[in-house]
Amino acid sequence: MYSISAAMNPESPGPLYITDVTAGCFAESIINLDDITHIPFLEKAIKLNEKNPDSTIIVSGGKGENETISESEAMFNFLISNGINENKVVKESESTSTYENLTYSEILIQERNDCYSVCIISNNYHIFRIRMIVNRLGLTANFVGVKTDWKTIPVCFLREFTAILKDAIRIKE
């Protein structure tokens, strides 16, 4: 569902963590890899990993009711099928929301007890809300937005607007 990605700052101390935070479920689509040739946020993670060979990719997302595998498993499969070493990918499969994706991914990073940089990769329309959540959690990260297919922009922005309102109500409670 969502994921956090490692920072692109080559001068940053310690490991670089690459995670993807995506709005929407791609698990069913990614299961049949023959049908998937272009997943921009995962392709961006692959490119960042190539530029930062010591980086770790965290894929985050649970399994929905109608899904046969978790989103993190689907993203893991895509990355491995595109040449990423499976030892460089950490799966977080419990999260069910952007907030949980970010929180649980941060816990995985902190468990490694090292200095790190974090960069979040997501669809460009999703970055604003991710940044809001990251700030609320007191985390530090860089952000990379990937282009959204123009045909899906109206639905995506409407979904994000609704989620931002929901987050605002949750903050006040």
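How many helices and how many strands are there in the protein chain? In this predicted model, the protein chain contains six helices and five strands. Read from the N terminus, the elements follow the order β-α-α-β-α-β-α-β-α-β-α. The protein chain has 173 residues, and buried residues account for 46% of them.

The second largest pocket was examined next. Its volume is about 170 Å³. The lining of the second largest pocket comprises 11 residues, and those nearest the pocket centre are Ser97, Arg129, Ala163, Lys166 and Arg170. Two or more lining residues come from each of α4 (98–111), α5 (127–137) and α6 (153–172). Helix α6 makes the greatest contribution to this lining, with five residues. Sorted by class, the lining of the second largest pocket has five charged, four nonpolar and two polar residues.

Ala163, one of the residues nearest the centre of the second largest pocket, is located in helix α6. The relative accessibility of Ala163 is 13%. Ala163 is therefore classed as buried, since the limit for that class is under 20%. Arg129 is also among the residues nearest the pocket centre. The C-alpha atoms of Ala163 and Arg129 are 8.2 Å apart in space, while the two residues are 34 residues apart in sequence.

Arg131 belongs to helix α5. With a relative accessible area of 40%, Arg131 is partly exposed. A second C-alpha to C-alpha distance was computed for Arg131 and Ala141, which are 8.5 Å apart in space and 10 residues apart in sequence.

Contacts involving aromatic rings were then considered. The structure has one aromatic pair, formed by Tyr125 and Phe157. The ring centres of Tyr125 and Phe157 are 5.9 Å apart, and the angle between the planes is 55°. The pair is classed as tilted because this angle is neither under 30 degrees, as stacked rings require, nor over 60, as edge-to-face rings require. Distant parts of the chain are linked by this pair: Tyr125 lies in the loop between β4 (117–123) and α5, and Phe157 lies in helix α6, with their positions 32 residues apart in the numbering. The two partners fall into separate accessibility classes. Tyr125 is buried, at a relative accessible area of 7%, whereas Phe157 is partly exposed, at 43%. A contact between a charge and a ring involves Lys91 and Phe76: the charged end of Lys91 sits over the Phe76 ring, 4.3 Å from the ring centre.

Cysteines were assessed for disulfides. A disulfide is a covalent bond between the sulfur atoms of two cysteines. The count of disulfides in the model is zero, so no pair of cysteine sulfur atoms lies within 2.5 Å. Cys119 is buried, with a relative accessible area of 0%. Cys156 is buried as well, with a relative accessible area of 13%.

How values were computed: Residues are numbered from 1 along each chain as its sequence is written. This is a predicted model: local features need pLDDT of at least 70, side-chain atom pairs count only at pLDDT 80 or more; totals for chains, interfaces and linings use all residues. Side-chain values use heavy atoms; hydrogens and water are left out. On a 1 Å grid over the protein atoms alone, a cavity is a set of points where a 1.4 Å probe fits but cannot get out, and a pocket is an open set with protein on both sides within 12 Å along at least five of seven lines; lining residues have an atom within 4 Å of a point. Grid points are joined across faces, edges and corners, and a volume is the space filled by probe spheres set on the points. Helices (H or I, at least four residues) and strands (E, at least two) are DSSP runs, numbered from the N terminus. Ala, Val, Leu, Ile, Met, Phe, Trp, Tyr, Cys and Pro count as nonpolar, Asp, Glu, Lys and Arg as charged, and the others, Gly among them, as polar. Rings of Phe, Tyr and Trp (its six-membered ring) pair if their centres lie within 6.5 Å; planes under 30 degrees apart count as stacked, over 60 as edge-to-face and the rest as tilted. Buried means under 20% relative accessible area, exposed over 50%, partly exposed in between (1.4 Å probe, protein chains only). A charge sits over a ring if NZ of Lys or CZ of Arg is within 6 Å of the ring centre and within 35 degrees of the ring normal.
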